[in-house]
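Open your viewer, have the cartoon and the side chains ready to toggle, and come along for a short walk. We will begin with the whole chain, then move to single residues that you can select one after another.

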Amino acid sequence: MTALFVAALVDMKRDDKEVRGSIDRGEKWLLDRLPKLRRATGDALYNVWGHAYGIEALVRLFHYRAGDEEKQKRIVEEIDRQVELLGRYETTKGGWGYYDFHMHMQRPTADPTSFTTATVLYAFHQAQGIGVKIPESLIKRG
C-alpha cells in the first residue's frame with residue numbers, strides 16, 4: 001500500500017512542504033523495506049504485488065528526483081533488486097500469481113494469474129522507460 005500512496009503523491013505534482021515531506025518519508029520507507037519483502041508463507045505470495053507496485057513507485061520517484069543523480073542511482077539499484085526478486089517468485093509456468101496451493105517449493109508451482117502477471121509486466125515496462133534492463137526471458141514467459 002505504501003508504494004501506491006507514494007506513487008499517488010508524486011502524481012499529484014503538488015509542491016508544498018507537507019506533500020514533499022510525505023514523499024520523502026514514503027521514499028525512505030520503500031528503500032528500507034522493499035529489499036526485505038518476501039512471501040508470507042509457502043502458499044501466500046502477496047509479496048509479488050509489493051515488488052511490482054514498488055517498482056512503479058520507484059519509477060515515479062526517479063522522475064521526481066530529476067537532477068539528483070545519487071538518489072536516482074539508489075532508486076535504479078532498488079528497482080534492479082525488485083526485478084531480481086520477481087524473477088525468484090515467477091511461477092514454474094511463467095508469469096506471477098499470489099497463491100501457491102500446490103507444492104510450496106522455493107519457486108512457486110501455482111498457476112499464474114493474468115492480473116498479477118499484467119501488473120508485473122506493466123511495472124517492467126515502466127522501469128524500461130528509465131533505462132532499467134529487464135531480462136527478456138521474464139517478459140517472454142510472462
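Start with the cartoon and follow the chain from the N terminus: the elements run α-α-α-α-α-α. That makes six helices and zero strands, where helices (H or I, at least four residues) and strands (E, at least two) are DSSP runs numbered from the N terminus. Before going further, please note that this is a predicted model, in which local features need pLDDT of at least 70 and side-chain atom pairs count only at pLDDT 80 or more, while totals for chains, interfaces and linings use all residues. Residues are numbered from 1 along each chain as its sequence is written, and side-chain values use heavy atoms, with hydrogens and water left out.

**The whole chain**

Zoom out and show the C-alpha trace. Along the principal axes, the C-alpha atoms fill a box of roughly 50 × 30 × 20 Å. The radius of gyration is 15 Å, which agrees with the value near 14 Å for a compact globule of 142 residues; this radius is taken over C-alpha atoms, and the globule rule is 2.2 Å times the number of residues to the power 0.38.

Now switch on the surface. The accessible surface comes to about 8,000 Å², and 55% of that belongs to carbon and sulfur atoms; areas come from the Shrake-Rupley method with a 1.4 Å probe, and for residues only the protein chains shown count as cover. Of the 142 residues, 44% count as buried, meaning under 20% relative accessible area, with exposed set at over 50% and partly exposed in between (1.4 Å probe, protein chains only).

Among contacts (heavy atoms within 4.5 Å) with a separation of 6 or more, 61% join residues 24 or more positions apart.

**The nonpolar core**

Next, select Ile55, Leu61, Ile79 and Phe124. Of the 33 residues in the largest nonpolar core, these four touch the most other members. Such a core is a set of buried Ala, Val, Leu, Ile, Met, Phe, Trp, Tyr and Cys residues joined through side-chain atoms within 4.5 Å. Which elements give two or more residues to this core? They are α1 (2–12), α2 (17–33), α3 (47–64), α4 (69–88) and α5 (114–128). The largest share, eight residues, comes from α3. In soluble globular proteins, nonpolar side chains tend to be buried together.

Stay with Leu61 for a moment and show its surroundings. Not counting residues up to four places away in sequence, Leu61 touches Val6, Val10, Ile23, Glu27, Leu30 and Ile75.

**From Leu30 to Leu34**

Leu30 was one of those partners, and you will find Leu30 in helix α2. Its relative accessibility is 1%, so Leu30 counts as buried. Leaving aside neighbours within four places in sequence, Leu30 is in contact with Thr2, Ala3, Val6, Pro35, Ala57 and Leu61. Try a distance label from Leu30 to Ala3: the two are 27 residues apart in sequence and 7.0 Å apart in space, C-alpha to C-alpha.

Move along to Leu34, in the loop between α2 and α3. Is Leu34 buried or exposed? Leu34 is buried, with a relative accessible area of 5%. With neighbours within four places again set aside, Leu34 is in contact with Trp29, Gly50, Gly54, Leu58, Glu78, Gln82 and Leu85.

**A buried glutamate**

From that list, pick Glu78, which sits in helix α4. This glutamate counts as buried, at 0% relative accessibility. Beyond four places in sequence, Glu78 is in contact with Leu31, Leu34, Pro35 and Leu58. The C-alpha atoms of Glu78 and Leu58 are 8.1 Å apart, with their positions 20 residues apart along the chain.

**Two last stops**

Select Lys13 in the loop between α1 and α2. Lys13 is exposed, with a relative accessible area of 71%. Its phi is near 55°, a positive value in a residue other than glycine.

Finish at Tyr122, in helix α5. Tyr122 is partly exposed, with a relative accessible area of 45%. A C-alpha to C-alpha label from Tyr122 to Glu56 reads 8.4 Å, across 66 residues in sequence.
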